[in-house]
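Student: I should like to go through this structure by asking how each term is justified.

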Amino acid sequence: MASIGGTVAEASGPPSTRAPLAATPPMGWNPFNVFRLAYDEADIFRAAEALVRLKLADAGYLYVNIDDGWWLRRTPSAIRIRTNLFPSAAQADGGTSFRPFVQRLHGMGLKAGIYTDIGRNTCSQHWDAQSPNLPEGTRDQREVGLFGHGPADARMFAAWGFDFVKVDACGVADYAAATPAVRDGLYRAFPPMIVRDKPMESDPAGLAALYAAFVRDLRAFAPAAPPLLAICAWGEADVNDWAGRSGQMWRTSADIHPNWASMLHNFDSAAPRALFAGPGHWNDPDLLEIGNGDFDGAHLTEARAHLSMWAIIAAPLMLSYDFAKADPAIDALVGNREVIAIDQDPAGHQGVILSATDEGEIIVKPLAGAGRKAVALINRGATPLSLAVDLADLHLDPTAPAEARDVWRRETKRVPGGRIEAQLAPHETTLFTVIGKPAEPDTAFADEIPARIDVIDAGFKAADRSTKRDWICARIGYLPDGQPITIAGRRDRTALGVAAGSRLRIALDQEFRAIRISPTATGTSLARYAIYVDGRRLRDAVPDGAPVTLSLAGAQSLELVAPAAAPGASSFVWAGLRLERGEAP
Ligand code: GLA
């Protein structure tokens, strides 16, 4: 057995055949959590220099992003930059350009990110109305958002050389006709496409179309290397279900704050959504609060837990603290290469929730290479807790030797008795990489390949869902409403719980010879399920509860289509899913 004494980055796996933009979760620094709108170019360059000096850039933190507050006004030719904050943007001809700013970052070996809004106006104009750094001029000049200007602004960002564009959404959420600032004539009314916490009153299709159009603009003006698109619609308007078609990452929740409850809330908005993430498309629970408030140098247990939780779900790792003020222990903590390697594992799987209660949660992330997993044992509560995970739950042979490496304590131990246990302090997360012998080496279960499963159609929307978290159209081991899946009284952690009418696609890449699966209704139904292989419908249809084995020899993809909602059944289960490799027995 190979030792796991080194970092997980040393392991090799098959290179991803999809090789997209943002093949692993983006990493970098953004000023918003620490400075909000009160930062200037000197603050940005200080952070950039710290990333280089502290070797955090070498560790992967490459994107240095500007957030809200950089604009002075829209002019007919471009957006004028606030040169009081960004003096390097002043041009000899009296115009402004971020080109020198971006070139300086590129010269340091870093990448550069910019910020805009999908509507006409921005978040700061609504939420930070007293800021001195708001757009100025006439009502039209203060419309610095993309709406109606997508191609021109995409061309401008490309000319400036940006590598990353964060596109916020307050412009389509906060400027309803009844808003006081709109009534007063300060801003033009925008009939909201997002009504916060009310997906049924929002306009997901309209919003998705705006983002899709902008991504086309970005590609048109930088076809060789389009900037990465970060969609910031806070989990609203079903963005979590469609954003992966346009963006490389998308926010799954409202803004994070530097306290434990907020961190958990944002984590929970992304953690159950493993089926939506994969190379080139990542759930984003928001910037890290490490170094701030409850996650500062006096709270290293919480800071380690925060980074562990983002890493186990393959979230983007965007730092947002002040390097000048932080405890050096924080710099060392965010630079832990073994933790980063879990986040950045080339297989690109988001960790899958194995079990979760209010107190403790266990998440397993398959890593590239046979028999390799990362495991997070999370104490969410404020009292000590012991948690354990069985090798069998990791699809590893409990009777064969296995090793677990604690990547915070940097200790590797043999796993005794097929079970890894940890005593956790309040708020502590223990993060392990585990290597063992696959229990069934020729079989892939759904929880081992979440990045290869895509949600093509979200299907049925529960009409009574009041918050974004309540209903997730496709999950592993759980029904859309969050209930754990049990089949004939036994928990099935590898089953897919899906919404009626949903369509999942599994990338096979000619690797599998067969699939075994049992479509199962959760209520009474005479529903029939459909399975497609490379676009061909297989069999006429598959009835409830009928286990099927289908040949997949040479196939590229498989689609699983759940029946439309039937009385008493709005969700369905693809149980006992096994993808078989190798020769037929
Ligand atoms: C919104 C976003 C934040 C930040 C601010 C800037 O709140 O969600 O991430 O960009 O706007 O005003």
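Tutor: Strand E15 (residues 403-406) and E16 are joined by four bridges in the antiparallel sense. The model is predicted, with local features requiring pLDDT of at least 70, side-chain atom pairs pLDDT 80 or more, and totals for chains, interfaces and linings using all residues. Residues are numbered from 1 along each chain as its sequence is written, and side-chain values use heavy atoms, leaving out hydrogens and water.

Student: What makes E15 and E16 a pair?

Tutor: Two strands, which are DSSP runs of E with at least two residues, pair if DSSP finds at least two bridges between them. E15 and E16 have four bridges, so they meet that criterion. Within this pair, Ala404 stands opposite Lys413 in E16.

Student: Why is one side of strand E11 and of strand E16 left without a neighbour in the sheet?

Tutor: The open sheet has six strands in the order E11-E12-E13-E18-E15-E16, with antiparallel pairing. Strand E11 (352-356) and strand E16 (411-414) each have a single partner strand, so they stand at the edges.

Student: How do you know that Asp255 makes a polar contact with the ligand?

Tutor: A polar contact is a pair of N or O atoms within 3.5 Å; within protein, one must be able to donate a hydrogen and the other to accept it, and residues adjacent in sequence count only if both atoms are side-chain atoms. A side-chain N or O atom of Asp255 is 2.5 Å from an oxygen atom of the ligand, so the pair qualifies. For Asp68, the corresponding distance to a ligand oxygen atom is 2.8 Å.
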